[in-house]
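Biologist: Please take one helix of this protein and look at it closely, then set it against the rest of the chain. I would like to know which of its residues are covered and what covers them.

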Amino acid sequence: MKAVAYQKSLPISDPKSLQDVDLPDPVAGARDLLVEVKAISVNPADTKIRSSSQPADGQWGILGWDAVGVVRAVGVEVSLFKPGDRVWYAGAINRPGANAELHVVDERIAALAPRTLSDSQAAALPLTGITAWEMLFDRLGVERGAASRGKSLLVIGAAGGVGSILVQLARRLTELTVVGTASRAETASWVRDLGAHEVIDHSRSLVDEYKRLGLPAPEYVVSLTQTHQHFAAIAELIAPQGKFGLIDDPAAGSIEIGKLKRKSVSLHWELMFTRSMFATVDMVEQHKLLTEIARLVDSGELKTTVGEHFGRINADNLKRAHALLESGKARGKIVLGAGPRQ
């Protein structure tokens, strides 16, 4: 099969940072689906792994943890899918990624793709949708519907991939007041269009922005990027007994967790790969939540978060995507397809 892969952790500007290669076709295990990949999207996880972790000598590493495709074969113990099904998923970080013609994925973390979206439109949502859902409902314990009325959520980095779906989920499924952050006019407009009640500028003091608008202290704060820069403000802003969630990787010593103690604030990490990496007993919950997200998309309650379509899945286009993500200027998700605009 054709794939885009790498052997050394190199700057994305290096010609060998990502390469077009031919590799053996993967083989499905007992609970696996063999999927013909139709579209993918690119996530910060791809750039982080490429730049910090490399395969064993002589081996090729395939990135890519968002895919839409058609099931070509199933393992002997598969019960949820059949050949010909169109599926979407985010895969497992401890297995080869989906930047390839063929990919294998455990059926428990895949679901039928939304009928109303193209392959590329759908590929924008699995990883970020799972991350946002697990953060909001599993980690922070936000209650759906009217039970959340009167409380508020601050989303730092709301214009990115996770933020773009988190804002939508919070608006459609809860009655939280949603405040998102963005630092440019176009990203602020994007966040408002997704449903945020208020948008503030994270390039300024978050404390001052809250004071300027007269906003109440948020019971929930989710930091999706640059947590170390905003942590002092988060500790000052968050309501007593609030809940703070994050997904990025602050360097050791860059945040002072003790600042949360006075307010009895709880801290929650979210990594959507945890269930697949440890084969947890509730691993099938990702199948269930992706099924629910697909239903919400098809009913018109959620929309795709595609920001850019970079054409075919190949090394040159993936390098462009990695470079844009590393610039910090991406809006929404970058997608690529098996065809020029698939």
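Modeller: Buried here means under 20% relative accessible area, exposed means over 50%, and partly exposed is what falls in between, with a 1.4 Å probe and protein chains only as cover. Helices (H or I, at least four residues) and strands (E, at least two) are DSSP runs, numbered from the N terminus. Residues are numbered from 1 along each chain as its sequence is written, and side-chain values use heavy atoms, with hydrogens and water left out. The model is a predicted one: local features need pLDDT of at least 70, side-chain atom pairs count only at pLDDT 80 or more, and totals for chains, interfaces and linings use all residues.

The helix I have taken is α5, residues 185-194. Its buried residues are Thr187, Ala188, Trp190, Val191 and Leu194. Seen down the axis of α5, these buried residues fall within an arc of 155 degrees, so they line one face of the helix. The arc is that of the directions from the helix axis to the C-beta atoms. The general background is that an α-helix has 3.6 residues a turn, so residues three or four places apart point the same way. On the other side of α5, Ala185 and Asp193 are exposed. The cover over the buried residues includes one helix, α4 (161-173), and the strands β10 (177-181), β11 (198-200) and β15 (306-312); contact means heavy atoms within 4.5 Å. Just after α5 comes Gly195, with a positive phi of about 125 degrees.

Helix α1 (residues 44-52) can be read in the same manner. Asp46, Thr47, Ile49 and Arg50 are its buried residues. They cover an arc of only 170 degrees around the axis, which puts them on the same side of α1. What covers them includes β1 (2-6), β3 (32-42) and α10 (315-327).

Glycine is not alone in taking a positive phi here: Gln226 has a phi near 50 degrees, and Ala279 has one near 45 degrees. As a general matter, most residues other than glycine have a negative phi. Gln226 sits in the loop between β12 (220-223) and α7 (227-237) and is partly exposed, with a relative accessible area of 35%. Ala279 is in the loop between α8 (274-277) and α9 (285-298).

Helix α7 contains both Thr227 and Leu237. Thr227 is buried at 0% relative accessibility. Leaving aside residues up to four places away in sequence, Thr227 touches Phe244, Leu246, Asp248, Pro250 and Ile255. Leu237 is also buried, at 10% relative accessibility. With the same neighbours left out, Leu237 touches Leu154, Leu206, Val207, Tyr210, Ala217, Pro218 and Lys263. One of these partners, Leu206, is 31 residues from Leu237 along the chain, and their C-alpha atoms are separated by 8.2 Å.

Two partly exposed residues also have distant parts of the chain beside them in the list of separations. Lys8, in the loop between β1 and β2 (19-22), has a relative accessible area of 42%. Not counting residues up to four places away in sequence, Lys8 touches Gln54 and Asp57. The C-alpha atoms of Lys8 and Gln54 are 5.4 Å apart, across 46 residues of chain. Thr274, in helix α8, counts as partly exposed at 30% relative accessibility. The C-alpha atoms of Thr274 and Ile93 are separated by 9.0 Å, although the two are 181 residues apart along the chain.

Now for the whole chain. The protein has 10 helices and 16 strands. Its radius of gyration is 20 Å, close to the 20 Å that the globule rule gives for 342 residues, so it is as compact as a globular protein of that length. That radius is taken over C-alpha atoms, and the rule is 2.2 Å times the number of residues to the power 0.38. The C-alpha trace spans about 60 × 40 × 35 Å along its principal axes. Of the 342 residues, 55% count as buried. Among contacts with a separation of 6 or more, 73% come from residues 24 or more positions apart.
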